[in-house]
Amino acid sequence: MSTIAILGPGAIGCAVGAALVQAAHHSVLFCANSPFDRLHIIIPGHPSIDRPADVHTSPTSLSPVDWLLVCVKAQQVPATEPWLRALVAPHTRVAMLQNGVEHFDPITTLIGDPTRILPVVVQIPAQRTAPGAVTLSGTPYLVVPDNPLGHSLQTLFADSLIPIQTTPDFPTRMWEKLCLNAVNGAITAITERDQSVLRQPEVAELARQIVLECMAVGRAEGATFDDQLPARIVANLAGAPGTPGGGNSMLYDRLAGRELEAEARNGVIPRLGAKHGIPTPINAAFYALLKNLTPRPTTS
Ligand SMILES: NC(=O)c1ccc[n+]([C@@H]2O[C@H](COP(=O)([O-])OP(=O)(O)OC[C@H]3O[C@@H](n4cnc5c(N)ncnc54)[C@H](OP(=O)(O)O)[C@@H]3O)[C@@H](O)[C@H]2O)c1
């Protein structure tokens with residue numbers, strides 16, 4: 001049995017935590033800002049998970065764990081330092097379940113040893129509806145590097161509802177996800193419309209340009225893409241005419257009045273682009289707009 005802490009039990013933290021609680025091999029605790037005492041997870045094609053949860057809102061009295069799964073938004077990582085001080089010892093492995101391509105920053109500064117940090121690409125479309133309550137809208141899985149730490153996470157999730165895929169080319173998987181996230185979050189958060197807005201030809205073209213810039217920077221950083229990626233992303237996001245449009249975590253954050261993950265999903269592209277001399281004006285423009293949207297009232 002492993003001891004596991006889920007740091008940031010929002011949409012993703014509750015989904016992965018519930019899968020581990022249900023698999024029942026482990027002792028799982030949740031480190032939260034907002035308290036709750038039950039997990040309620042709705043998963044398409046599966047019975048819902050409804051279980052009590054061991055939730056803490058302060059690190060006082062907590063001891064180091066075997067695995068820490070960091071599930072906060074990228075910009076929230078620095079503020080988790082008090083939790084890290086309580087939960088991380090030299091034997092603790094730390095999985096970063098985050099969008100973006102900078103999983104090691106700034107957690108490495110806080111923990112000090114990058115060899116214990118596992119970057120994870122999260123493929124779990126999920127929306128938090130209340131503290132502890134999450135609705136998934138697709139099949140969940142996680143992607144990790146094909147290395148001993150990745151295999152160890154695979155063992156942790158054995159017999160759970162969430163499969164762990166390993167890949168020998170993690171940078172490509174990470175950048176492919178960024179190509180998607182750079183488009184879906186920015187366009188839906190700014191228009192405050194679901195992804196069906198990409199059915200408009202002028203929005204689809206803008207989306208394609210966002211992906212092309214991201215691919216150029218990703219290639220300079222070592223990722224490999226096929227040239228059909230922009231068309232595939234736009235078609236998948238737009239969906240078929242007449243079907244409901246999908247959402248994403250940045251749209252949900254915008255509608256709920258929460259801070260946006262703009263730096264990790266768009267700001268990073270001009271920042272790394274400048275390092276390689278690659279112009280990325282469209283992502284720079286979206287980043288500037290996302291950072292300066294009028295605040296909305298917070299709903300959760
Ligand atoms: N949701 C999706 O569909 C999806 C899919 C793929 C990838 N991702 C990525 O997965 C990551 C997590 O996203 P998410 O959608 O799960 O975000 P989320 O629903 O906002 O969850 C983040 C959670 O962390 C909590 N938190 C923040 N700071 C904390 C702190 N200092 N101590 C304890 N708890 C803290 C928040 O609590 P409060 O809100 O109560 O403050 C919230 O419950 C992001 O990088 C996101 O881009 C999300």
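A polar side-chain atom of Asn-99 lies 2.7 Å from an oxygen atom of the ligand, a polar contact being a pair of N or O atoms within 3.5 Å; within protein, one atom must be able to donate a hydrogen and the other to accept it, and residues adjacent in sequence count only if both atoms are side-chain atoms. The model is predicted: local features need pLDDT of at least 70 and side-chain atom pairs count only at pLDDT 80 or more, while totals for chains, interfaces and linings use all residues. Residues are numbered from 1 along each chain as its sequence is written, and side-chain values use heavy atoms, with hydrogens and water left out.

Two further contacts to ligand oxygen atoms come from the backbone, at Ile-12 and at Ala-126.

| Residue | Protein atom | Distance to a ligand oxygen atom |
|---|---|---|
| Asn-99 | polar side-chain atom | 2.7 Å |
| Ile-12 | backbone N or O atom | 2.8 Å |
| Ala-126 | polar backbone atom | 2.9 Å |

On its own the ligand has 890 Å² of accessible area, and the protein covers 90% of this (Shrake-Rupley method, 1.4 Å probe; for residues, only the protein chains shown count as cover). Helix H1 (11-23) and strand S9 (126-130) are the elements that give two or more residues to the shell; helices (H or I, at least four residues) and strands (E, at least two) are DSSP runs numbered from the N terminus.

The ligand is surrounded by 28 residues, and those that come nearest are Ile-12, Ser-34, Asn-99, Ala-126 and Glu-261 (near: a heavy atom within 4 Å). By type, the shell holds 14 nonpolar, nine polar and five charged residues. Here Ala, Val, Leu, Ile, Met, Phe, Trp, Tyr, Cys and Pro count as nonpolar, Asp, Glu, Lys and Arg as charged, and the others, Gly among them, as polar.

The protein is divided into domain 1 (3-167) and domain 2 (170-291), with bounds from an automatic or database domain assignment. Each domain supplies at least three residues to the ligand shell. Their C-alpha centres are 24 Å apart. Between them, 23 residues of domain 1 are in contact with 18 of domain 2 (heavy atoms within 4.5 Å). About 1,800 Å² is buried between the domains, 54% of it from carbon and sulfur atoms; buried area is the accessible area (1.4 Å probe) that two parts lose on being put together, summed over both.

Two backbone features remain. Most residues other than glycine have a negative phi, and most peptide bonds are trans. Ala-24, in the loop between H1 and strand S2 (27-31), has a positive phi near 70°. The peptide bond from Asp-105 to Pro-106 is cis, with omega near -5°; Pro-106 belongs to the loop between strand S7 (93-97) and helix H3 (107-111).
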